[in-house]
Amino acid sequence: MKEEKPSIQNTVTDDIYYPSAEVVAQANVKDPETVRKEAANDIQAYWAKRAQELEWYKKWDTVLDESNKPFYQWFVGGKTNIVLNALDRHVKTWRRNKLALIWESEKGELRTMSYHALNREVCKFANVLKSMGISKGDRVTIYMPRIPETLIAMLATAKIGAVHSVVYGGFSVEALHGRIEDSESKVIITADGGNMNGKKIELKKIVDEALQRTGAPENVVVVKHLGIDVNMEAGRDYWYHELMALPLTRNGLRCETEVMDAEDPLFILYTSGTTGKPKAILHTHGGYQVGVYATLKDVFDLKEEDRWWCTADPGWITGHSYIVYAPLIAGATSFMYEGAPTFPYPDRWWTMIEKYGITVFYSTPTAVRGLMRFGEAWPNRHDLSSLRLLGSVGEPINPEAWRWFYKNIGKEKCPIMDTWWQTETGMFMMAPMPASPLKPGSATKPYPGIEADVVNEAGKSVAPGEEGFLVLKKPWPAMMRTIYKDPERYESTYWSKFPGMYFAGDSARKDKDGYFWIIGRVDDVIKVSGYRLGTAELESAFITHPAVAEAAVIGLPHELKGMAIHAYLILKANHEPNEALVEDLRKHIAHEMGPIAKPEKIEFVKSLPKTRSGKIMRRVLKARAQGMSEGDISTLEE
Ligand code: WTA
C-alpha cells in the first residue's frame with residue numbers, strides 16, 4: 001500500500017471540487033450565494049427569521065442592541081432556555097421516541113437514549129442539583145470522561161438556569177484547580193474515571209488533588225463508570241447513582257425548566273489567550289441557541305434520518321456547540337464514542353461508522369493525518385457508504401490530508417465542510433455548505449450574516465493573496481458576551497486592536513474568488529493536535545517544578561500535530577541538565593496540565609531573549625528554532 005507522507009503546509013491551491021447534482025438537490029440550502037447576499041443586506045432580518053424557527057417563552061423586543069459596543073446583546077427582551085429547544089419541545093412530539101444519543105464505550109459497551117429518556121435523566125439530575133442548593137446563576141464545574149452523563153450534567157445545569165464550566169477530562173490537577181477556583185463553583189460533577197487508549201484515567205483522584213489546593217466546593221458528585229476504588233469524603237462526595245435513586249428525584253419528569261432572559265449566562269468555558277491565565281468565555285441562552293442551530297442545520301445539512309458524529313470532546317467548544325446543543329436543538333440523532341481512534345486497532349472509527357450507519361462525520365485534521373499514517377487498507381476494510389458529508393475543524397487542513405479524507409473516507413462523493421470558528425465565536429464563522437464549490441485547505445466563505453476580512457496592521461483590507469489579520473466586522477448571535485469577571489480584558493483582547501472590528505488572533509489570506517485560507521495564530525495560543533493551549537499557562541506549570549527558574553514556551557510546526565510545544569528552560573542553581581530531568585519535567589507537565597501539554601522538546605538555556613521591560617520575546621526563539629536570521633523576525637509576527 002502506498003503511504004502518502006503529509007505536508008503540513010496549507011498552500012493555496014486552485015483546484016475546485018464541485019458538488020454533484022445529487023448533493024445540491026437534497027441540500028437544505030440549495031444556493032448559498034443567494035442566502036449570503038440576502039443576509040448581508042439585513043443581518044437582523046436574517047437572524048430574526050432563524051430565531052423564529054425555535055421556541056421562546058416570550059418573543060424578543062429587539063433583535064440586536066448595539067447601544068453599548070462591544071457588549072452587543074441579541075434578542076433582547078426574549079424569554080427562553082436552551083433546554084426548552086434542546087429537549088422540552090421535542091418530547092411533546094413524535095421525537096420523544098427518536099434516539100437522541102447512541103454511545104459506545106472504548107470497551108465496546110453500547111448505550112442509547114431516546115429524547116424521552118434523556119429528558120427524564122436531565123429532569124432527575126436537575127432535581128438533584130436543586131436539592132444541593134444550586135440555583136440560577138450558580139457555577140457548576142463538570143469534569144468528565146466522554147460518557148452520556150456529561151450531556152445530562154450540562155443540560156441539567158442549563159435547565160435550572162445555573163452556569164456550567166466544563167473542564168476537558170484530559171486536563172489535570174493544576175488546570176482543573178485554577179478553573180474551579182476562578183469560577184467559584186459550588187459543586188463538581190465528575191466520574192471515578194474514564195477509558196482512554198486502553199488506560200484508565202482516574203478522574204476522581206485528580207479532583208481530590210485539585211481540591212487540596214483550593215477552598216473546596218460544597219459537593220462533589222461522582223458517576224460510577226469504571227467501577228474502580230475511589231476516595232469518597234463523607235459529607236462532601238456523593239455517588240451520582242445514589243442521588244438519582246432518592247425519592248425526591250426518582251419521579252424525574254417533574255422539573256420545570258427555568259425561564260431565562262435571552263441574555264442570561266448559559267456557560268463559561270476557559271480557553272487560553274494571549275497573555276496570563278486562561279480566560280472564561282461567557283455565552284448566553286438566546287443568541288447562542290439560534291447561532292449553533294442555524295449553522296449546523298445549513299452547513300451539515302442535517303435531516304431527520306441522519307446519524308451525526310462529531311468526534312470532539314464535550315469539554316471543548318466544538319463539543320458544547322456541536323455534540324450537545326446544536327444536534328439536540330435540531331432534533332438529530334448523535335453518536336458519541338468514549339475512547340481513542342486507534343484502540344484497539346487503527347480502524348476503530350471506521351468500524352463504528354459502518355456499525356452505526358453514520359451519515360455525517362465531523363472530525364479534525366490531526367485525526368485525519370494520524371489515521372492516514374496507517375494507510376488506506378484500514379478504511380478500505382469497511383463499508384463506509386452510509387456517509388454523505390464530512391467535516392473538519394480546529395486547525396488548517398493541509399490539502400494532502402483533505403484529499404486523503406475525500407478519497408478514502410468520503411469515496412469522492414462526500415463534500416468536506418471545513419469550518420473555521422473559535423470558542424469565542426460559539427458557532428461556525430466560515431464554512432462552505434454542501435452545495436458550495438470547495439478548494440482543499442480553504443474554509444471557503446463566511447456563513448450568511450457574517451462579515452469577515454483580512455486587514456493589515458493599519459486595519460485596511462489587504463489585496464487578494466496577501467497575508468494579514470483575520471477580522472469580523474459585524475456581530476453575530478452566538479458571539480461571546482464577555483470574559484467572566486473581566487469585561488475590560490474582553491474589550492482590550494478582541495475589540496481594541498482594530499476599533500469596531502473583532503480581532504480573531506489568526507492570520508489569513510483571501511484569494512481572488514473571495515475564499516479564505518487560514519494560516520495560523522498570531523498570538524501566544526498554540527494549537528497542539530487542534531487542542532488550544534496557551535504559553536502562559538504552560539510556562540507557569542514549568543516553573544512550579546523545583547528545578548526550573550524561568551521558562552519560555554513556543555509552538556513549532558509538527559507533521560502530525562500541526563503544532564508542537566517546545567520549551568526553553570533556565571534551571572535553578574544546583575540542578576544539572578540531564579535526561580532524567582527531562583523525563584521528570586515531562587511527567588510534571590502531564591501531571592499539572594494534562595498529557596496533551598507534554599512538550600515535544602525541552603532545551604536548557606543560560607538566558608532567554610527579553611525586551612527591556614523583561615517580557616520574553618517568543619518570536620525570537622521561534623525564528624532561531626526555525627533557522628531564520630533575526631533580521632527576518634520583524635516579518636514573522638506583530
Ligand atoms: C483554529 C475551535 C483553520 C484557529 C473551534 C482558531 C482553524 C482556533 C479552523 C480556535 C479551521 C479552528 N481552519 N484553523 N477550520 N478551526 N481553527 O477556540 O486558529 O479551540 O482561532 O475553537 O482554532 O480554537 P478553539
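What follows is a short conversation about Glu263 and the ligand in this predicted model.

Modeller: A word on ground rules: this is a predicted model, where local features need pLDDT of at least 70, side-chain atom pairs count only at pLDDT 80 or more, and totals for chains, interfaces and linings use all residues. Residues are numbered from 1 along each chain as its sequence is written, and side-chain values use heavy atoms, with hydrogens and water left out.

Colleague: What makes the place of Glu263 a loop?

Modeller: Glu263 sits between strand E13 (260-261) and strand E14 (265-271); strands (E, at least two residues) and helices (H or I, at least four) are DSSP runs, numbered from the N terminus.

Colleague: Why is the pair formed by the side chain of Glu263 and the backbone nitrogen of Trp74 called a polar contact?

Modeller: The distance is 2.8 Å, and a polar contact is a pair of N or O atoms within 3.5 Å; within protein, one must be able to donate a hydrogen and the other to accept it, and residues adjacent in sequence count only if both atoms are side-chain atoms. So this pair qualifies.

Colleague: Which polar contacts does the ligand make through its nitrogen atoms?

Modeller: A ligand nitrogen lies 3.1 Å from a polar backbone atom of Gly394, and a backbone N or O atom of Thr419 is 2.7 Å from a ligand nitrogen.

Colleague: And which side chain has an N or O atom 2.9 Å from a ligand oxygen?

Modeller: That is Gln422.
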